[in-house]
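Please open the model in your viewer with side chains available for display, and follow the stops below in order.

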Amino acid sequence: FASTRGPRVDANDFFTGDDVAPDHLRRVRALCQLHQRQTELRDEMELKMAELEAHYHRISDELLERRSQIVTGEDEPTPEEAPRVPGAARVLPGEGVPHF
């Protein structure tokens, strides 16, 4: 999995063995490793979120298209889309949903 956030950061990019104590260099290397893992995790999360958004966008588009067909009178709702409600008002003739 390649990071989209640029090249990997390494302690050797900033320090040489002569610049810093070995314990400090080890800590910086560990922090660079943790930073890299966090970046990869964030990239993976963003990829999965984009996939989920695309999935639900497709579903939403289908619902909005169906809604438009019913509102404009292009198509009538199916019995599953419009179950009968006891005491519902009578249906007036015409196309679409007036003033909707």
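Which side chain does Glu81 meet in a salt bridge? Select Glu81 together with Arg66, and bear in mind throughout that this is a predicted model. The two side chains meet in a salt bridge, with a nitrogen-to-oxygen distance of 2.7 Å. This pair links distant parts of the chain, since Glu81 sits in the segment after α1 whereas Arg66 belongs to helix α1, and 15 residues separate them.

Keep Arg66 selected and add Asp75, whose side chain also forms a salt bridge with Arg66, at 2.8 Å from N to O. Through these shared partners, the salt bridges join Arg66, Asp75 and Glu81 into one network.

With the three residues still displayed, turn on a surface and look at how they are covered. Arg66 counts as buried because its relative accessibility is 18%, below the cut-off of 20%. Asp75, with a relative accessible area of 36%, is partly exposed, and Glu81, at 40%, is partly exposed as well.

Next, select helix α1, which covers residues 22-72. The secondary structure of the chain comes to one helix and zero strands.

Within this helix, display Asp23 and Arg26, which lie three residues apart, or about one turn of the helix. Their side chains form a salt bridge in which the closest N and O atoms are 3.3 Å apart. Arg26 counts as exposed, at 53% relative accessibility, while Asp23, at 43%, counts as partly exposed. With this pair the tour has visited the salt bridges of the model, whose count comes to three.

Now select Leu52, which also lies in helix α1, and add Tyr56, Ile59 and Leu63. What do these four residues form on the surface? They make up a nonpolar patch, and together they have about 420 Å² of accessible area.

Finally, clear the selection and show the surface of the whole chain, which exposes about 8900 Å², with carbon and sulfur atoms supplying 57% of that area. Buried residues make up 10% of the 100 residues in the chain, and Arg66, where the tour began, is one that counts as buried. If you display contacts as well, consider those with a separation of 6 or more: residues 24 or more positions apart account for 52% of them.

Key:
Residues are numbered from 1 along each chain as its sequence is written. This is a predicted model: local features need pLDDT of at least 70, side-chain atom pairs count only at pLDDT 80 or more; totals for chains, interfaces and linings use all residues. Side-chain values use heavy atoms; hydrogens and water are left out. Patches are made of residues with over 30% relative accessible area and no salt bridge: like charges are joined within 9 Å, nonpolar side chains (Val, Leu, Ile, Met, Phe, Trp, Tyr) within 5 Å. Accessible areas come from the Shrake-Rupley method with a 1.4 Å probe; for residues, only the protein chains shown count as cover. Helices (H or I, at least four residues) and strands (E, at least two) are DSSP runs, numbered from the N terminus. Buried means under 20% relative accessible area, exposed over 50%, partly exposed in between (1.4 Å probe, protein chains only). Contact means heavy atoms within 4.5 Å.
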